[in-house]
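Open the model in your viewer and keep the selection tool ready. The tour takes a few short stops.

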Amino acid sequence: MSRPSIGTYRPAAIAVVIAAAAALTALVIAALAGGAVTEKVIPGLGDAGTVTRWGLPVARLALNVGAALTVGALLMAAVLIPSDKGRLDPIAIRYVRAASWLAAGWATAAAITLILTVSDILGEPVGQVVGGSELSSYVGQLPQGTALMLVVLISVVIALLTRTTTTPGAALGLLVLAVIALMPPPLTGHSAASPNHSVATVGLALHLAAVVPWVGGLAVLGWHALTGGERLGVAAGRFSRLALWCYITVGLSGFANAVTRLPDPTQLVTSDYGRLILVKTVAFVFLGWLGWAHRTRTLPAVAAGKPRAFARLAAVEAVVMGSTMGVAVALARTAPPVTGAPESTVKGLLGYDLPQAITVGRLLTLWRFDLFFVVLVLVLGGAYLGGVLRLRRRGDTWSSGRIAAWFIGLFTIVIVTMSGVATYSPILFSVHMAQHMVLAMLTPIFLVLGAPMTLALRALKPATIKGDRGPREWLMVILHSRVIKVLSHPIAATIIFVASTYALYFSPLFEMAMRAHLGHIAMLTHFLLTGGLFYWVIIGIDPAPHKLPYVGKLLVLFLTLPFHAFFGVALMNMNDLANGWYTSLHRPWGASLASDLHTGGSIAWAFGEIPTFIVLLAIVFQWFMDEQRLSVRLDRKADRAVANQEDDELADYNAYLSNLDKRSQRAGE
């Protein structure tokens, strides 16, 4: 395959220069309009200087652009360009190698941003920061410094690994790693200090996870169209479907973020922060129109062999996106308007004011909106219903019992993550333990009995291009991967299920998770995943690498019971757990921490009987049904054997009669 000539790159290079100029121009205008670089220097306080004041926004813009292009190149290689029987296409390998250089630039921009951020916070010129010891202290002590250092380290790892990557699985893994590296810096900024930080942090994470592949993917796809456009039709079609979902996610998450920072709609026009949001909104609507034009005009043109049609519109879209990124960087440097009285310490920790004393009525009525679990339940429920409808449209059936089990599981997630249980769980350990028991030991039972992977394998269509990997092929690769084989081994799954509980509560991890909203989400998600892994091994309907006999399943189930009982008894005898967290809430009502720990331990000790009984019923039912199916198969086999034997006896008898007839004929002669 021939590489594009130098002349082929000229239009693409011009487009890159125009997009970069648009981004810088938008950054400068928005920074001046929002006051991000025109702050007054108060006498007596340190001043970081002009280099930091202007260099920090430019470095952040370079960091965002480097991240977007790295993600875009990996997206192009792993998803948009078809693979060939488990190997990357030569075009895809070219983009993987490009991602190595882009990741190196990303790491450099992150390092420069780290230095300038220290200068900005300390109010010292860059030269003093680089020459002193403040930089190392900042990285180790402040979340923003640690976050930027993580970006540097991860992007360097990506730059190194992409030098030798040749398989779609490795490229997809690096793409996931790059998306993870996007999260730390923004989530330690305005969102972490927002009054409703539960919505702000999750909304921003969703925003980044959608906007970066959208922007980076379009930029790399536009470059591809301008430099030859091999396999452009397939790549553009796939990106169009991906971009639609990214656009919807960006719009919804952006709206959620705006509401958390601007509770008063009039602040959209009365504050610098609000006016910058309006500018982003206008650009967002315009990008939506460009996306519609891609789907209705340029994709048919590409299919007709006119790649330049896509390139022209993509170049315009890249300029608008670059300008929007410049505005976004300026927005991040602009302080949101202050509304109302300063929030209390408790509201800063919880994200809401301390509720009144717990009652059954308040557990049922004090519902709270949790964006993460709302999105999780909607995605899981919508995908499951979509799979069932696809099966039924083509005439196949799906068990109503499995459907009921799946949605009962989702309902339990809603109950314990958005009702009064979620409101009181950070305040009372006993309520938290009830939430833990449901998510780890009850919800996964119903989700596993819903057989989601079997449904996906039946509903998803094979890849349209031979040798390529579509969603169904990726799911098969994951199910047969070495990691899944190790994790799903009965011994490994049992150890993870039991030991992780002890590691969480009998170490500082529990208090650390309670103090950060993202840590709290990670903890609850961990409960779901570890429980799902364990019950998949025990009562899973979906295909698994290791199949236990039913006696073995019962043994594994009963093996965990003493460990859960001991865990509950240990909690009942404790007087202190995450004391710093619970003391900081200054709860004026309810039992003492020691008494609440005893109640939580009692819940952990007694709750295990409910899921154990349900799992026993499931194992007995599955065992009975397997025996029934085995009996039917054996009966059919026996019937066939009898029929064959009767046929053989009849054939022998007929042969005997025929032989007698021949003998009688010879005797008559």
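A salt bridge here is a side-chain nitrogen of Lys or Arg within 4 Å of a carboxyl oxygen of Asp or Glu. This is a predicted model. How many salt bridges does a search of the whole structure find? The search finds 2.

**Stop 1: R394 and D396**

Select R394 and D396. Their side chains form a salt bridge, at 2.7 Å from N to O. Now check the exposure of each partner. R394 has 44% relative accessibility, so it is partly exposed. D396 is partly exposed too, at 29%.

**Stop 2: helix 24**

Move on to helix 24, residues 509–515. Pick out R515 and E511, which both lie in this helix. They are 4 residues apart, about one turn of the helix. Their side chains meet in a salt bridge, with an N to O distance of 3.4 Å. Colour the pair by accessibility. R515 has a relative accessible area of 40% and is partly exposed. For E511 the value is 24%, again partly exposed.

**Stop 3: a nonpolar patch**

Go next to helix 10, which covers residues 232–261. Select I248, found in this helix. Is I248 buried or exposed? Neither: its relative accessible area is 38%, so I248 counts as partly exposed. Patch residues need over 30% relative accessible area, and I248 has 38%. Now add L244, W245 and L252 to the selection. Together with I248, they make a nonpolar surface patch of about 450 Å². Switch on the surface to view the patch.

Notes
Residues numbered from 1 in each chain as written. Predicted model: local features only at pLDDT ≥ 70, side-chain atom pairs only at ≥ 80, totals over all residues. Heavy atoms only, no water. Patch = residues over 30% accessible without salt bridge, like charges linked within 9 Å, V, L, I, M, F, W, Y side chains within 5 Å. Areas by Shrake-Rupley, 256 points an atom, 1.4 Å probe, with all protein chains shown as cover. Helix = DSSP H or I, 4+ residues; strand = E, 2+ residues; numbered from the N terminus. Buried < 20%, exposed > 50% of the residue type's maximum accessible area, 1.4 Å probe, protein only.
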